[in-house]
Amino acid sequence: MRSWIPALRVARREARRAKGRSALVVAMIGLPVLLLSFAAATYDMHDLRPGEQLDRTMGQADARLSKYFDGPLEQNPTDEAYSAKESVPLKAPVTAESLLAVLPPGSRLTRVADAPVDLRTPSGIGTIDGHAVDLAEPMLRGLVNLVSGTVPQHDDEVAIDAAASDRLGVGIGGTVRTVSPDRTFKVTALVEFPDSLSGNIAFRPGQVVSGGAWLVDTPSPLTWPDVQKLNQQGIVALSRAVVLDPPATPPLFQVEQSSQGDQITFSVIVFGLVVLEVVLLAGPAFAVGARRRRRDLALVAAAGGTPGHLRRIVLADGVVLGALAAVGGVLGGMLLAVLLRPLVEQYLVNARAGAVRLFLPAQAALIVLSVGTGLLAAMVPAFTAARQDVVTVLAGRRGVTRSRKRWIALGLVMAAAGAVIAIAGAASSMGTTTILTGVIVGELGLVLLTPALVGLISRLGRWLPLAPRIALRDTARNRGSAAPAISAVMAAVAGAVAIGAFVGSERQHSIDVYDPVLPVGNFGVRYAGGDADKHTDWARLRSAVQRIVPQARLHPYQGVTCAWQTLPDPAASPAPSGTPQPAPSGTPAPTPTPTTQPDTSASTRQCGIEMFLPVANRCPFQQYQTDDGRDWDAMAADPRCGDQGYNEFTFMAVDDGDALAALSGASADDIAAARRVLAAGGVVVTNPLYLVDGKVALSPINGEFSGDPDTLQTTSVPGMVIGGTGGFTVMVPPALAQRLGFGLRPDGFVADGQTPDGAQVEAIGSALHELAERDTVGLIVENGPSYREEPIIWILGLIAAMVALGAAGVATGLAAADSRADLVTLAAVGASPRVRRTLSLSQSGVISGLGALLGVLAGLGTAYALILALNSTNGFTVSGRPLHLVMPWSSLAIVMAVPLIAMAGAGLLTRSRLPSERRL
């Protein structure tokens, strides 16, 4: 250890002398440490301890009680999971008196209930979380906290939180109006529910929100035997004392916890790649220091210093700068976590954090990580410095470096082996360590190959002009300093490309598996079911929607009714109900196919026209993957096993084709052809599996139906498959529906031309409440896949570009320092400033260009390994659709611009004139 003390003193002195380089290394190592420190402290503060979680669940109460039926049960001590051999219905409603009768004397109860509540908003109708609580009860502190105002004292008073106040546009003294029941309440207080900051309203107990659980304050804590006694009365009791000091979990509830392997896997992989990237990024800066101090190191060697002494001097730089980065990064991350805590609570977690905690074990690990990263980054420059030729350095000459064949062979083997290990580990789910090992081995193989690639590219100099030829020669001669710089650019680019490729692949997968109800941008109001819809005024509803969304074009369509149903007012229907109409002239009459009469012993009454897949067109595999996963490849290759490859009930629209374009989004030619088929008495379907020999088999259901499609009569009619999104399964012309014995009624309308925004959606909701039958008519807005273009791709790309530019700048500065004598010689023999600028530009281009190229290859390989890992766990597989690698063109465009920008910067920042120097 004593031999390290002089080395550390030298490193401290050098850090003070080279402040710019030291700051660069500290920033490169400290920035990831700061981010990880911030994440660790933030996670620890939001990882609620049992006592904090109990405060969110039951406030200051001793227990939370729920009773669903009479009879004994068994429950888990630490949550409200329970099991009962027999569910005995409640003989009487659960009241406070009945609960107090089985609780210790002196207990107090209060009831809490939660449910979504529809409220009138400035734009229409919106839904927020509703609560029925007694805010004057002290035991609720922690579950809900009073911010300002006075607690509601009367049944027509409420309290809201800040998010609800902003959404409803009211404050203390204002009024809010519920939809069902239609009542007006006065706001008397602002409150906060720490477990949810997204919008809440608190009513008095028994108002609007019903049901719920009971909170109890007992004279002494409820022990586990007390809880078991309550279980015998059919009461589930979550006791604070039991949760904080739980007994052994009963065997019934000793279930294996769900594995978080996927999240841990990718977290460890990303963490390992971050460490590798930091090492590669900081390497050039240490190489700069070692190159600038090579004469000092040579003097140490000439004075009797051993290679071990030289290595320790350079490694001490890593220890000192890593320690500085650790202190700055950890302290900065913890301070940032505390300062940004309110913003994280409000905009990211949507809940209040627990106590201020900094996750000190993780912070200590980050300090070790930072120092270790500094050591690793200084490792290669240290061994290079220890091997330098003392006489050559003291004479001011530079030796010619050649890539040893064994290093080239080792680099090739490591690159290939890394790819094989990562792909094999991902494909066979061999674990995190295997995938991470493969990725790191592959990238290190590329690092080892970098000097050889530099030497190979330098051979192109014979065909280049003077300045690029000199740049390639110097880069090849100084491979020890150029290789770390190229590796740094590679690491930065690889990270951006890998994340861009993975995020882009995930986005494309979400688009591929998304099953739209309507063409994206269209919306519709649809009848949702029920035996009668007499109260929906469709004409006024369409007029209201047209006023709310004035640019939209509305296309109504119809549904069918049966004679046994309670029919709507005939005046509101376009055609008489229940009366079959004659077929239009020239329309072939459908031919019923007799089948076995349905068994109505366990049947239900239904009304509609269904289609069932022919047996030959049904998916022969299970709808969901088997445990061993052997069916997935076969399912993916079988066209019958797509999204509609199973026997599901259909959504039918009765229309002559006017709503066809808005429902399907098909091309104009397909719409015209489909309208001709409808006019001829045929049907239009969106799934080709229903079409056999140009015919579609329809199954009219008008009464009792056992649920077995093979017991129904079928009617074969001409059919056509239409493309588009499939806002319906089958479209039937009105004449055909009537000929099959059905009446017609309005079923809804679809709109195109304008997509309603949030305020318009709330306004349409208000119109539905006023003009439509409650719970039978709903609004559908098709916004497409929920996956949105993440700005993180551009942010990471820009960060990678900046880091790569920084690494290229460091490397260019080192190359300029090494070639200063050559620049002086060029000036002495009459070279123009333009030649000197071109030389610097070419040096920067070689380093940044080769680094970017290797980074793209490494990034795509990493992304491919991650995708294979996800596919192997079937985490993203839907209907046999695994993730596929998608080229991240946005990220590639950003990172491939790095060489051009680096070259331009080098050319602009290179000094035109240099002072004359003496050459040995």
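**Figure 1. Polar contacts of the Ser664 side chain in the predicted model.** The side chain of Ser664 comes to 2.8 Å from the backbone oxygen of Leu660. A second partner of the Ser664 side chain is the backbone nitrogen of Ala666, at 3.2 Å. Ser664 belongs to helix α20, which covers residues 660-664. Is Ser664 buried or exposed? With a relative accessibility of 0%, Ser664 counts as buried, because the cut-off for buried is under 20%.

**Figure 2. Overview of the protein chain as context for the close-ups.** The chain contains 28 helices and 24 strands. Of its 920 residues, 48% are buried. Among contacts between residues at least 6 apart in sequence, 82% link residues at least 24 apart.

**Figure 3. Helix α2 against helix α11.** Two packed helices are described by the angle between their axes and the distance between the axes. For α2 (residues 19-46) and α11 (residues 341-349), the axes come within 12 Å and cross at roughly 70°. The two helices are therefore roughly perpendicular to each other, because angles of 65 to 115 degrees are put in that class. On the α2 side, the contact is made by Phe38, Thr42, Met45 and His46. On the α11 side, Arg341, Val344, Glu345 and Val349 take part. Sorted by class, the contact of α2 with α11 has four nonpolar, two polar and two charged residues.

**Figure 4. The loop that holds Asn350.** Asn350 is located in the loop between α11 and α12. Most residues other than glycine have a negative phi, and most peptide bonds are trans. Asn350 is not a glycine, yet has a positive phi of about 65°. Its relative accessibility is 28%, so Asn350 counts as partly exposed.

**Figure 5. The largest nonpolar core, with Ile29.** This core has 29 residues, of which Ile29, Phe286 and Leu297 touch the most other members. Which elements give two or more residues to this core? They are α1 (4-17), α2, α8 (261-292), α10 (307-339) and α12 (360-386). The most comes from α10, with ten residues. When residues up to four places away in sequence are not counted, Ile29 touches Val278, Ala282, Ala325, Ser370, Thr373 and Gly374. Another core, of 21 residues, lies apart from this one and includes Val560, Met652, Val730 and Leu744.

**Figure 6. The surroundings of Asp747.** Asp747 is a residue of strand β23 (residues 743-752). Its relative accessibility is 5%, so Asp747 counts as buried. Neighbours within four places in sequence aside, Asp747 is in contact with Val525, Arg526, Tyr527, Trp538, Tyr557, Gln558, Gly559, Phe651 and Met652. Met652 is also one of the residues of the 21-residue core.

**Figure 7. Val781 and its partners from elsewhere in the chain.** Val781 is in strand β24, made up of residues 777-781. How far apart are the C-alpha atoms of Val781 and Phe523? They are separated by 4.3 Å, although the two residues are 258 residues apart along the chain. Besides Phe523, the contacts of Val781 beyond four places in sequence are Asn522, Thr755, Pro756 and Val761. Val781 is partly exposed, with a relative accessible area of 24%.

**Figure 8. Helix α3 and the elements it packs against.** Which residues of α3 (residues 50-58) are buried? They are Glu52, Leu54, Arg56 and Met58. These buried residues pack against the strands β1 (63-67), β11 (213-217) and β12 (235-239), and against helix α7 (240-244). Gly59, just after α3, has a positive phi of about 65°.

**Figure 9. Two further loops, with Pro181 and Asp693.** Pro181 is placed in the loop between β8 (175-178) and β9 (183-192). The peptide bond leading from Ser180 to Pro181 is cis, and its omega is near 5°. Asp693 sits in the loop between β19 (691-692) and β20 (695-705). The phi of Asp693 is near 55°, which is positive in a residue other than glycine. Is Asp693 buried or exposed? At a relative accessibility of 76%, Asp693 counts as exposed, because the cut-off for exposed is over 50%.

Terms used: Residues numbered from 1 in each chain as written. Predicted model: local features only at pLDDT ≥ 70, side-chain atom pairs only at ≥ 80, totals over all residues. Heavy atoms only, no water. Axes fitted to C-alpha atoms, helices over the stretch in contact; angles between N-to-C directions. Helix = DSSP H or I, 4+ residues; strand = E, 2+ residues; numbered from the N terminus. Parallel < 35°, antiparallel > 145°, perpendicular 65-115°, else oblique. Contact = heavy atoms within 4.5 Å. Nonpolar A, V, L, I, M, F, W, Y, C, P; charged D, E, K, R; others polar. Buried < 20%, exposed > 50% of the residue type's maximum accessible area, 1.4 Å probe, protein only. Polar contact = N/O pair within 3.5 Å; in protein donor to acceptor, adjacent residues only side chain to side chain. Core = buried A, V, L, I, M, F, W, Y, C linked by side-chain atoms within 4.5 Å.
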